[in-house]
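This report walks through selected parts of the structure shown below. It takes the domains first, then the sheets, then a pair of helices and a loop residue.

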There are 2 protein chains.
Amino acid sequence: MGLKQQLLFQKEAFILENGATLQPVEIGYETYGQLNADKSNAILLLHALTGTAHAAKHHEADTPGWWDDYIGPGKALDTDRFFVICPNVFGGCSGSTGPSSINPKTGIPYRLSFPGFSVKDIVRVQYELIKTLHISKLKAVIGGSMGGMQATEWAICYSDHVNSVINIASPLAASPDAIGFNLIQRMAILNDPDFNDGNYIAQPEGGLATARMVGMMTYRTSELFSKRFERFTVAESSKSAFQKSISRSNPIYNTKAIVLLNVLMRTATFI
Amino acid sequence: MGLKQQLLFQKEAFILENGATLQPVEIGYETYGQLNADKSNAILLLHALTGTAHAAKHHEADTPGWWDDYIGPGKALDTDRFFVICPNVFGGCSGSTGPSSINPKTGIPYRLSFPGFSVKDIVRVQYELIKTLHISKLKAVIGGSMGGMQATEWAICYSDHVNSVINIASPLAASPDAIGFNLIQRMAILNDPDFNDGNYIAQPEGGLATARMVGMMTYRTSELFSKRFERFTVAESSKSAFQKSISRSNPIYNTKAIVLLNVLMRTATFI
């Protein structure tokens, strides 16, 4: 039950796509259900950007996972039939080696000295984990968003070791606008004084919040956004917006003035 | 030539939409061409979020304006025929009263004590300026983006004082996603340590840069973005992205891993 950890690359270093090396690499993972005798019922489940290995509760009192609705007896990923393995991504810092891990060469955390890595590197580490579990062929690899990108990499790099790949809502390449919005998210975190060039003690909450807001904005179309979050009247909107306002300077002010404009509502309400 | 300034609301205070009062209010503006005898050739030109009153050069050696291509003899806004007035918005801090102005009651800048304002407030101040210039009817009010919102307010609030309104690329109400992205821009600035709760000395450059990036991202559709900024091969992309990388921590790392994924390119290039 709970988080398991496996040391990998103990004899030979892990060579990343960019040429950097790490030794050893630890991977954290959680499992649901039982591996059958011929090891043919394993499903590799891959989390999205902010996820962890904790995909579902292991018992009633357990912390909720990110996919409780789909993992369990009789559910889509039926734990009476399948053995579900959910690893924390390489670099993920929640049980897997990442920037917050101790560098064995220096005795202090890697922080900004941790090498950059690719989705292919993440998948390579997962493949090594599957090997140590003596599973030669996965029933399926399933992931959404960044997890879906990993699932696709499995189909390309380890097609002999997977029966099917389920890529949920992720592309074959990041689009130019996704690249732009991702850069903005990194900028928001890097600019937070608490980030302290990576040597942070407290989390850079403000930067993380801004970055998360950017992420959330890009998960919906403008049309769906309008449908879900349509406004009330300008009178109410102005009042509460001004009363609750914590932002007080220009262009702080001007963007707020833009937001308050709703001529359509005003004509409907006041004229 | 250059910036002119006019004091308004000297006898009676300016009452903002939200009930706050200011007295007096100064408005900075620049003009191009000559007002004719019957004062019938005046065009009010309104700038966008980051603009100023300097819409065009007044002479060859002058600093470029934001609409040099459209203002001048024989151009769209023909200064041989029209008298073009371009005010800095109320709250704009570039010649007009705003958060950086001295509060006459305290002798120190308003900063965060400056009241929140609306597009309607901005237009009210412009109307007072037009009155002091003894212009009873404008030939046209023209603006783009936030300037277009102001032009629309002119059509609603002062329809007797304007012959035509040209609203370029601005909506009748901010959409929910525009509101979200505007909030993110304010957050990015508010989180910058140099913002210092509005009492900044140095500009909060990092926050402003992030905010501007968010703005720039929202000015194009995803399709146009892809067309303009399509990527080169993954091999080149990874190399330069990693070499130039200044961002080193997670989710800093993970968003970068997402950005580097281009399975389409890889299959085309390497297989």
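## Domains of chain A

The domain assignment divides chain A into domain 1 (4-173), domain 2 (179-228) and domain 3 (231-270). The model is predicted. Taken over C-alpha atoms, the centres of domain 1 of chain A and domain 2 of chain A are 24 Å apart.

## The sheet of chain A

Six strands of chain A make up an open sheet, in the order S1-S4-S8-S5-S9-S10, and their pairing is mixed. Strand S1 (4-8) and S10 of chain A are at the edges; each has a single partner strand, so one side of each is left without a neighbour in the sheet. From one strand to the next, the twist averages 25°.

## Strand S9 and its neighbours

Strand S9 of chain A covers residues 140-144. How many of its five residues are buried? Four of the five residues are, so S9(A) is largely enclosed by the rest of the structure.

On one side, strand S5 (residues 42-46) of chain A is joined to S9(A) by four bridges, and the two run parallel. Within this pairing, A:Leu45 stands opposite A:Ile142 of S9(A). S9(A) also pairs with strand S10 (residues 165-168) of chain A, in the parallel sense and over four bridges. A:Ile142 stands opposite A:Ile166 in S10(A). To get from S9(A) to S10(A), the chain passes through helix H2 (residues 146-157) of chain A, and this β-α-β crossover is right-handed.

## Strand S10 of chain A

Further positions can be matched between these two strands. A:Val141 has A:Val165 in S10(A) as its bridge partner, and A:Gly143 stands opposite A:Asn167 in S10(A).

In a regular strand, side chains alternate between the two faces of the sheet. Which residues of S10(A) point to one face and are buried? They are A:Val165 and A:Asn167, whereas A:Ile166 and A:Ile168 point to the other face and are not buried. Thus A:Ile166, the residue opposite A:Ile142, is on the face of S10(A) where the side chains are not buried.

## Two packed helices

Helix H3 (residues 176-190) of chain A packs with helix H4 (residues 205-218) of chain A at an angle of about 165°, and their axes are 7 Å apart. Angles over 145 degrees count as roughly antiparallel, which makes H3(A) roughly antiparallel to H4(A). The crossing in which H3(A) passes H4(A) is right-handed.

## The sheet of chain B

Chain B has an open sheet of six strands in the order S1-S4-S8-S5-S9-S10, with mixed pairing. Its edges are S1 and strand S10 (165-168) of chain B, each with a single partner strand, so one side of each is left without a neighbour in the sheet. The twist from one strand to the next averages 25°.

At one edge, S1(B) pairs with strand S4 (residues 25-32) of chain B in the antiparallel sense, over five bridges. B:Lys4 stands opposite B:Tyr29 in S4(B).

## A loop residue in chain B

B:Gln10 belongs to the loop between strand S1 (4-8) and strand S2 (14-15) of chain B. Is B:Gln10 buried or exposed? B:Gln10 has 9 other C-beta atoms within 10 Å; a residue with 12 or fewer counts as exposed, so B:Gln10 is exposed. In sequence, B:Gln10 and B:Asp121 are 111 residues apart, and in space they are 17 Å apart, C-alpha to C-alpha.

How values were computed
Residues numbered from 1 in each chain as written. Chains lettered and ligands numbered in written order. Predicted model: local features only at pLDDT ≥ 70, side-chain atom pairs only at ≥ 80, totals over all residues. Buried ≥ 20, exposed ≤ 12 C-beta atoms within 10 Å, placed from the backbone. Pairing = 2+ DSSP bridges. Right-handed = clockwise from strand over helix to strand, strands pointing away. Domains from an automatic or database assignment. Axes fitted to C-alpha atoms, helices over the stretch in contact; angles between N-to-C directions. Parallel < 35°, antiparallel > 145°, perpendicular 65-115°, else oblique. Left-handed = near helix turned anticlockwise from the far one by under 90°.
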